[in-house]
Amino acid sequence: MISSKSDTIAVIATANGIGSIGIIRLSGADALDTALKLTKRQTLTPRRATLTKIYSLKDEFLDEAIMLYFKAPASFTGEDVVEFQTHGGFMVARMILADLLNAGARLARAGEFSQRAFLNQKMDLSKANAISALINAKSEGAVKILARQMRGDLGQYVDELRAELVRTLAFVETSIDYADDDLPSDLLAQISELLSQNHAKLSRIVSLSQSRAGLIEGFKIAIIGKPNVGKSSVLNSLLSYERAIVSDEAGTTRDRVEESLNIGTHLVRIIDTAGIRKNAGNVENIGISYSLKAIDEADIILAVFDGSNEADEQDAKILELLKECEKKLFFVINKCDLAQKFTLCLPDEPLKISAKNSTQKLVSVLEGYLNTQDSDEFILNSNVQINACQNAANAIKRALELLDESELELFAYEINSAISNISRITRPFERDEILDEMFSNFCLGK
């Protein structure tokens with residue numbers, strides 16, 4: 001727990017700009033006393049909205065605002081918390097904050113309110129990460145997934161898995177340290193079965209989270225193709241404005257152009273890349289290298305071909321480049337408003353459009369695909385969580401191999417590693433958990 005003598009922090013909790021409400025929050029042992037210095041009140045009733053006049057430390061009237069007081073430990077941070085809800089704008093909230101700082105509070109660091117909530121056991125790390133990710137959610141699906149994490153679904157998943165691993169470790173350490181006591185004859189078989197299930201759970205959530213990371217981070221769509229197939233026209237049509245320069249001259253797009261747009265309920269990042277071709281100049285080659293990097297980064301690839309021209313070696317090169325690509329691929333034949341000459345056989349049925357006229361058909365197909373990525377299951381929302389689960393799964397796999405060889409000491413080391421890794425998602429692992437589980441299985445009087 002944070003000491004009751006911890007300093008009081010204050011911050012403006014609303015974004016910069018003009019709005020109807022500006023919110024200033026304080027947290028700490030002296031939060032109430034500090035806040036009352038800007039009023040002519042003696043106290044506030046906990047958990048009740050109070051309309052009151054706000055004055056500067058020089059007794060100048062500043063605003064009439066609503067104040068809320070949350071008495072520790074029944075608050076977000078677990079400390080005394082006071083909230084001012086003032087009229088919105090640039091200056092009112094800043095003037096109130098300045099007086100609070102002069103009255104003894106200090107400016108909160110980024111994330112410090114959530115950090116105090118974690119340290120005071122008001123939330124675990126999975127909820128803290130969910131709060132951070134929710135602020136930057138890129139789709140309705142992401143909001144639903146993160147809401148489940150804030151509700152505690154991920155924390156419960158980790159706690160259950162952690163408890164099973166702790167129980168397994170306790171049994172094995174009992175076998176090592178108390179070999180003379182009676183143990184179930186099929187203990188090793190039970191442990192092996194349980195760990196196999198644990199490994200399967202972790203592998204599944206890692207795979208699901210990696211494949212649907214775009215739900216949290218926002219899907220990236222890369223438009224690729226040789227020069228002059230209409231990639232920039234496709235981008236401009238999707239955006240409904242002229243973002244990229246369109247020209248018949250090859251190599252017009254030399255740098256990657258990125259923009260965000262909404263497709264259905266999803267916010268996506270679309271990348272227009274330099275045309276990929278042979279015999280390009282030095283500057284254009286740099287742009288092509290960016291194109292190849294965009295392919296690697298993207299979740300979805302739009303491979304665009306010019307339907308009004310016959311396929312050539314460069315089109316074949318694009319197909320060869322995408323042959324081993326494991327990303328979601330959409331093949332697009334552009335310029336379908338012109339006489340069609342393109343005959344190259346594509347791996348999948350292409351989508352035929354005219355970017356000059358409309359890309360609505362493409363938008364509908366993309367929206368349909370993105371909607372299939374929505375999930376009712378919770379997924380991990382950061383690389384830290386994914387790596388923690390992957391490392392835990394790897395440790396369990398190594399432990400199973402050691403169990404088959406009856407190397408119990410090394411087995412225990414790997415299970416410890418698995419527990420430590422999975423604990424990075426919620427709360428640090430305490431060695432006392434092993435001891436509690438170990439001795440709880442002894443007979444009364446032992």
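Two strands are taken to pair if DSSP finds at least two bridges between them. With that in hand, the sheet of this predicted model can be read strand by strand. Strand 7, residues 220-224, and strand 9, residues 266-272, pair in the parallel sense, and four bridges link them. One residue pair shows how the two strands line up: Lys 220 has Arg 269 of strand 9 as its bridge partner.

These two strands belong to a wider arrangement. An open sheet is built from six strands in the order 8-9-7-10-11-12, with mixed pairing. Strand 8 (257-263) and strand 12 (351-352) stand at the edges; each has a single partner strand, so one side of each is left without a neighbour in the sheet. As a general point, strands of a sheet pair through backbone hydrogen bonds, and the sense may be parallel or antiparallel.

Attention now turns to charged side chains. Across the whole structure, the search finds 19 salt bridges. One of them joins Asp 59 to Lys 40, with 2.8 Å between the closest N and O atoms. Asp 59 sits in the loop between strand 3 (50-55) and strand 4 (61-70), while Lys 40 sits in the loop between helix 1 (31-36) and strand 3, so this salt bridge ties together parts that are 19 residues apart in sequence. Lys 40 has a relative accessibility of 54% and counts as exposed because the cut-off for that class is over 50%.

Asp 153 takes part in two of the pairings described here, one with Arg 148 at 2.8 Å from N to O and one with Arg 151 at 2.7 Å from N to O. The three residues fall into separate accessibility classes. Asp 153 is buried, its relative accessible area being 13%; Arg 148 is partly exposed at 24%; and Arg 151, at 59% relative accessibility, is exposed. Elsewhere, salt bridges with shared partners link Asp 7, Glu 79, Arg 106, Arg 109, Glu 112 and Arg 116 into one network.

A last acidic residue is worth a visit. Glu 414 is part of helix 14, which spans residues 408-423. Its relative accessibility is 10%, and Glu 414 counts as buried because the class takes in values under 20%. What surrounds Glu 414, once its neighbours within four places in sequence are left aside? Glu 414 is then in contact with Ala 395, Arg 398, Ala 399 and Leu 402.

Terms used:
Residues are numbered from 1 along each chain as its sequence is written. This is a predicted model: local features need pLDDT of at least 70, side-chain atom pairs count only at pLDDT 80 or more; totals for chains, interfaces and linings use all residues. Side-chain values use heavy atoms; hydrogens and water are left out. Buried means under 20% relative accessible area, exposed over 50%, partly exposed in between (1.4 Å probe, protein chains only). Contact means heavy atoms within 4.5 Å. A salt bridge is a side-chain nitrogen of Lys or Arg within 4 Å of a carboxyl oxygen of Asp or Glu.
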